[in-house]
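Please open the model in your viewer and get the selection tool ready. We will walk through it a stop at a time.

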Amino acid sequence: MSQTVLKMQSIYKSFGDMEVLKGISFEVKKGEIVSIIGPSGSGKSTLLRCATMLEKADSGNISYDDINMIISDLEQAAVYADKKTLKQINRKFGLVFQNFNLFPHLSVLQNIIEAPMCVANISKEEAKKTAMELLAKVGLADRAGAYPCQLSGGQQQRVAIARALAMNPDILFFDEPTSALDPELTGEILKVIKSLADEKMTMVIVTHEMNFARDISDRVIFMDEGVVVANGTPSEVLMDSANPRINQFLNKISNE
């Protein structure tokens, strides 16, 4: 039986009076690729931000490899693990943002080696070797000395993927990795993600690329208004769904 890399149970999150996540539960097994789809404002990005500690969940349980990141107390409030445990968990995941988030003042190579050296205490030589291997993997070995402003959006996003992989995470999160790119550059990123899928990298991908989600995913989760409406195979969710809300969403997407 596959090891569970991530488990999220009954996750609630509000911003003021607006409840964004309303009891979300799901888990991800080692080597599994899960795509999260749904309309804007359904809570997809907030869910990823809670999973990666960029937002604090109000209540629920989150664990990585059976190490608790948060548990809920008797009053159902989220209680986070101690700093040492959170630091350990932080090493288990990588996150690729919608807008690349590269350091503009650092070269491509420096962007990639920064975290391995400063966080993982890896030597500069080893960090550089790994970085160059990853840049070759994403087709950018010749741009190591370039700065983000000298790269296209697609190239910047490929550097961001290499940077996330440099920490050798157990699971990689993508938050709409192609939404800031034009269709031609989108293909570059989807190709890189597909190559990671072929290597059985565990991934959670928030995406609006329905064909890609269908082709690459082991499982698709459809979210709407802060709840999981469907959680199943790509065929069950994207092709054979009897749920009118899902079909309405898919029709709207295909007409855009």
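Helices here are DSSP runs of at least four residues and strands are runs of at least two, numbered from the N terminus. Keep in mind that this is a predicted model.

**First stop: lysine 92.** Select lysine 92, in the loop between helix H2 (83-90) and strand E7 (93-96). Is lysine 92 buried or exposed? Its relative accessibility is 15%, so lysine 92 counts as buried, the cut-off being under 20%. Now show what surrounds lysine 92: leaving out residues up to four places away in sequence, it touches Tyr64, Asp65, Ile67, Pro169, Asp170 and Ile171.

**Next stop: the sheet with E7.** Step from the loop into E7 and colour the six strands of its open, mixed sheet, in the order E7-E8-E9-E3-E10-E11. E7 and strand E11 (227-232) are at the edges with a single partner strand each, so one side of each has no neighbour in the sheet. On average, neighbouring strands of this sheet are turned by 15° against each other, direction ignored.

Zoom in on E11 and strand E10 (residues 219-224), an antiparallel pair joined by five bridges. Here you can find methionine 223 opposite valine 228 of E11. Then add helix H9 (residues 244-255), which lies across strand E3 (33-37), E10 and E11 and runs at about 95° to E10.

**Last stop: E1 and its partners.** Select strand E1 (residues 4-15) and strand E2 (residues 18-29), which are antiparallel and share nine bridges. Isoleucine 11 has isoleucine 24 in E2 as its bridge partner. At the hairpin, two residues separate the strands, and glycine 16 has a positive phi near 65°.

Finally, add strand E4 (residues 59-64), which runs antiparallel to E1 with five bridges. Leucine 6 is bridged to tyrosine 64 in E4, and Tyr64 is also one of the residues that lysine 92 touches.

Technical notes. Residues numbered from 1 in each chain as written. Predicted model: local features only at pLDDT ≥ 70, side-chain atom pairs only at ≥ 80, totals over all residues. Heavy atoms only, no water. Buried < 20%, exposed > 50% of the residue type's maximum accessible area, 1.4 Å probe, protein only. Contact = heavy atoms within 4.5 Å. Pairing = 2+ DSSP bridges. Axes fitted to C-alpha atoms, helices over the stretch in contact; angles between N-to-C directions.
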